[in-house]
Amino acid sequence: MVHMEDQELLDPTEEENVRDAAILQWDIPEYHKYTHGRMWYVLITLISLGAIGYSIYVHNYVLAVLTVLLVAIIVMHEIREPKTIQFGLTARGLFLDERVVPYARLSRFWVVGGEDDKTPAFIYFDYRGAWRPRFAVPISLDAVDDVREVLSEFIPEDENEDYHVPFTDRFSRWIGI
């Protein structure tokens with residue numbers, strides 16, 4: 001069964017009109033590409049070889065194959081440059097390149113970071129429903145107030161989540177992927 005909200009997402013004419021009517025828009029990278037030193041690569045190699053060696057030792061060949069696949073994904077991620085995506089806020093929803101997300105599908109937003117020039121700022125969005133992941137969008141420090149003002153008209157800002165970075169994001173930043 002297709003809901004009315006899903007109909008909006010599938011109509012390309014509506015999507016074009018939404019993007020044309022952007023209140024604010026900017027370009028963001030598809031993902032953050034970390035710069036790694038030689039030690040990071042040495043550690044990843046040692047951990048991977050250790051996991052493969054251990055899995056072969058205990059005859060867990062599935063773990064060995066999964067480790068090789070994980071290393072292959074990390075290598076491809078390191079080699080590939082992130083694509084630039086157009087992000088924007090409109091009166092009907094937000095868009096990420098070709099995908100339009102109506103505000104009705106989002107439950108809240110909060111801003112993290114940006115306290116100083118060294119701390120990047122991100123806007124986090126939560127979907128309605130438990131099966132959709134949160135997503136974060138990088139934002140320039142001088143645009144935080146404007147974005148808060150626009151978003152507050154359509155979805156609530158979660159003041160309790162302010163300055164809360166989800167564990168998965170903290171972990172991926174810590175290990176640099």
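In which sense do strand 5 and strand 6 pair, and over how many bridges? The pairing of strand 5 and strand 6 (residues 121-127) is antiparallel and spans six bridges. Pairing requires at least two DSSP bridges between two strands. Strands (E, at least two residues) and helices (H or I, at least four) are DSSP runs, numbered from the N terminus.

The model is predicted, so local features need pLDDT of at least 70 and side-chain atom pairs pLDDT 80 or more, while totals for chains, interfaces and linings use all residues. Residues are numbered from 1 along each chain as its sequence is written, and side-chain values use heavy atoms, without hydrogens and water.

Strand 5 belongs to an open antiparallel sheet of three strands, ordered 5-6-7. Strand 5 (106-112) and strand 7 (135-139) are the edges; each has a single partner strand, so one side of each lacks a neighbour in the sheet. The twist averages 20 degrees from one strand to the next. Angles run from 0 to 180 degrees between N-to-C directions of axes fitted to C-alpha atoms, for helices over the stretch in contact. Leucine 106 stands opposite tyrosine 127 in strand 6.

Four further strands form an open antiparallel sheet in the order 1-2-3-4. Strand 1 and strand 2 (residues 84-89) pair over six bridges. Glutamine 25 faces glycine 88 in strand 2.

Helix 5 (residues 144-152) lies across strand 1 and strand 2, at about 115 degrees to strand 1. Helix 5 also lies across strand 5, strand 6 and strand 7, at about 165 degrees to strand 5. Contact here means heavy atoms within 4.5 Å.
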